[in-house]
Structures are given as C-alpha cells and as structure tokens.
Amino acid sequence: MSEKTKKILYWFFTLWLSLGMVSTGIVQLIKLPEEVEKINQLGYPTYFLTILGVWKLLGVVAVLVPKFQLLKEWAYAGFFFAMSGASISHIICGHPITEVLPSVLLLSLTVISWYLRPENRRIKR
C-alpha cells in the first residue's frame, strides 16, 4: 500500500472514530435517559457516564492534535479498553447483537486507526 493511500485511510478511519467517540461522549455527558437506563442495565453506576464522556472527548483531542505521541498511545489504549469493555458487558448481559455492534464498530475503528497512524504520530524508538 502506498504512503498516500495509507494516509487517506488513516484519516478516513480516524475521523469516523473521532465522530463516534465525540457523539457518544456528548450523549453520555448529557445523560440521556436511554443512556442512563443502558448503563444501569449493565450494572454500572450512572456517574460512570460522566467519566466515560470526559475521557472520550479528551481522547479525541489527543488523537487529532499533532505531536504528543505518548498521549496518543494512551488515548488509543483508553478507547480500546472502553470499547472492548462495553462489548463484553453487553454480551455478558445477554443483550442482542444490535446493542453489541456499536461498541464493536468503535473498537474496530480504534484498532484500524492505531494501526494506520503515520510515523509522525508514533512513538519514536
């Protein structure tokens, strides 16, 4: 794959990831009744929505802003843990696949964006 193609794919997947994280983060911060019900069904306290929402928004900033490679790695790790945790929580609670897929999609976008990130967005070795 050419560097140009890789860069285009990186930004495509990263922007979709960012859009997903920002939109879900805002929904969690404003505590829509559906979100409160869902998080409580999963067995988590309502205040966890605030923590997740803030982390998601800060993570998007970290991923999109140039430099700060170590911070980007932490943001990707946070997205990975949050989305894998959400997927597993839905599966364990026996929720239908339609409840599991959004977190699996964001998890996939996280992995793809991380994998395709350009050299200037990686930790120097």
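This presentation describes how three helices pack in a predicted model, and then turns to its salt bridges and two single residues.

Good morning. Let me begin with the way helices are compared. Two packed helices are described by the angle between their axes and by the distance between those axes. I shall give both values for each pair that follows.

The first pair is α4 and α5. Helix α4 covers residues 69-92, and helix α5 covers residues 97-116. Their axes are 8 Å apart, and the helices pack at an angle of about 155°. Because angles over 145 degrees count as roughly antiparallel, α4 is roughly antiparallel to α5. The crossing of these two helices is left-handed.

Which residues of α4 meet α5? On the α4 side they are Glu73, Tyr76, Phe79, Phe80, Met83, Ser84, Ala86, Ser87, His90 and Ile91. Their partners in α5 include Val100, Val104, Leu107, Val111 and Trp114. Sorted by class, the contact of α4 with α5 contains 12 nonpolar, 6 polar and 2 charged residues. When you look at the structure, I suggest that you find Glu73 in α4 and Glu99 in α5, since both belong to this contact. We shall return to Glu99 when we reach the salt bridges.

The second pair is α1 and α5. Here the packing angle is about 145°, and the axes lie 9 Å apart. Again, α1 passes α5 in a left-handed crossing. From α1, the contact is made by Lys6, Leu9, Tyr10, Phe13, Thr14, Trp16, Leu17, Gly20, Met21 and Thr24. From α5 come Leu106, Leu109, Thr110, Ile112, Ser113, Tyr115 and Leu116. This contact of α1 with α5 has 11 nonpolar, 5 polar and 1 charged residues.

The third pair is α1 and α4. Helix α1 runs over residues 3-29, and its axis comes within 13 Å of the axis of α4. The two cross at roughly 60°, which makes α1 oblique to α4. This crossing, too, is left-handed. Tyr10, Thr14, Leu17 and Met21 of α1 make the contact with Tyr76, Phe79 and Met83 of α4. By class, the residues of the contact of α1 with α4 are 6 nonpolar, 1 polar and no charged.

I now turn to the salt bridges. How many salt bridges are counted in this model? The count comes to 4, and I shall discuss some of them.

Lys38 forms a salt bridge with Glu35, and their closest N and O atoms are 3.6 Å apart. Both residues belong to helix α2, which spans residues 33-41. Because they are 3 residues apart in that helix, about one helical turn separates them. Is Glu35 buried or exposed? With a relative accessibility of 17%, Glu35 counts as buried, whereas Lys38, at 27%, counts as partly exposed.

Lys38 also meets the side chain of Glu99 in a salt bridge, at 3.9 Å from N to O. Since Lys38 lies in α2 and Glu99 in α5, this pair ties together parts that are 61 residues apart in sequence. Glu99 counts as partly exposed, at 28% relative accessibility. Salt bridges with shared partners thus join Glu35, Lys38 and Glu99 into one network.

Another salt bridge links the side chains of Arg122 and Glu119, with an N to O distance of 3.9 Å. Glu119 is exposed, and its relative accessible area is 60%.

Finally, let us consider two single residues. Where is Pro118 placed? Pro118 lies in the segment after α5. Its relative accessible area is 21%, so Pro118 is partly exposed. Along the chain, Pro118 and Lys6 are 112 residues apart, yet their C-alpha atoms are separated by 8.1 Å. Lys6 has already been mentioned as one of the α1 residues that meet α5.

The other residue is Ser89, which is found in helix α4. At 9% relative accessibility, Ser89 counts as buried. Which residues does Ser89 contact, if we leave aside its neighbours within four places in sequence? They are Leu42 and Tyr44.

To conclude, the crossings of α4 with α5, of α1 with α5 and of α1 with α4 are left-handed. Alongside them, a salt-bridge network joins Glu35, Lys38 and Glu99. Thank you for your attention.

Note on methods
Residues are numbered from 1 along each chain as its sequence is written. This is a predicted model: local features need pLDDT of at least 70, side-chain atom pairs count only at pLDDT 80 or more; totals for chains, interfaces and linings use all residues. Side-chain values use heavy atoms; hydrogens and water are left out. Axes are lines fitted to C-alpha atoms, for helices over the stretch in contact, and angles run from 0 to 180 degrees between N-to-C directions. Helices (H or I, at least four residues) and strands (E, at least two) are DSSP runs, numbered from the N terminus. Angles under 35 degrees count as roughly parallel, over 145 as roughly antiparallel, 65 to 115 as roughly perpendicular and the rest as oblique. A crossing is left-handed if the near helix is turned anticlockwise from the far one by less than a right angle, and right-handed if clockwise. Contact means heavy atoms within 4.5 Å. Ala, Val, Leu, Ile, Met, Phe, Trp, Tyr, Cys and Pro count as nonpolar, Asp, Glu, Lys and Arg as charged, and the others, Gly among them, as polar. Buried means under 20% relative accessible area, exposed over 50%, partly exposed in between (1.4 Å probe, protein chains only).
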